[in-house]
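Notebook open, one model on screen. I want the fold first, then confidence, then the surface.

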Amino acid sequence: MEWLINNAATICVSIVLAVIIVAIIVSKVKERKKGGCGCGCPGCSGGCPHCSLENKKEE
């Protein structure tokens, strides 16, 4: 119990960071499912300049 009290600040910061990371990942997954490319232009279906550069690199 003493260890938890001594490390409470570190534990709280770690939990907050983990929640932020999970929220970012969930947001990106939802954006991909809606048809966005993941580069910040929702609904482009891979037709934006950023996506066309990515597609050329993959080929």
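I started with the order of elements: from the N terminus on, the protein chain reads α-α-α. That fits the tally I got for its secondary structure, three helices and zero strands.

This is a predicted model, so I checked confidence next. Mean pLDDT for the protein chain is 78, with 58% of its residues at 70 or more. Where is confidence lowest, and where is it highest? Helix α3 (residues 49-58) sits at the bottom with a mean of 56, while α2 is at the top with 93. I'll keep that 56 in mind when I look at α3.

Then burial. The protein chain has 59 residues, and buried ones make up just 8% of them. I also pulled the accessible surface of the protein chain: about 5000 Å², with 66% of that belonging to carbon and sulfur atoms.

Last entry, the nonpolar surface. Which residues make the nonpolar patch of about 450 Å²? I noted V13, V16, L17, I20 and I24. I looked up where V13 sits, and it is in helix α2, which spans residues 8-33. That is the helix with the highest confidence in the protein chain, mean 93.

Definitions and conventions. Residues numbered from 1 in each chain as written. Predicted model: local features only at pLDDT ≥ 70, side-chain atom pairs only at ≥ 80, totals over all residues. Heavy atoms only, no water. Patch = residues over 30% accessible without salt bridge, like charges linked within 9 Å, V, L, I, M, F, W, Y side chains within 5 Å. Areas by Shrake-Rupley, 256 points an atom, 1.4 Å probe, with all protein chains shown as cover. Salt bridge = Lys/Arg side-chain N within 4 Å of Asp/Glu carboxyl O. Helix = DSSP H or I, 4+ residues; strand = E, 2+ residues; numbered from the N terminus. Buried < 20%, exposed > 50% of the residue type's maximum accessible area, 1.4 Å probe, protein only. pLDDT = per-residue confidence, 0-100.
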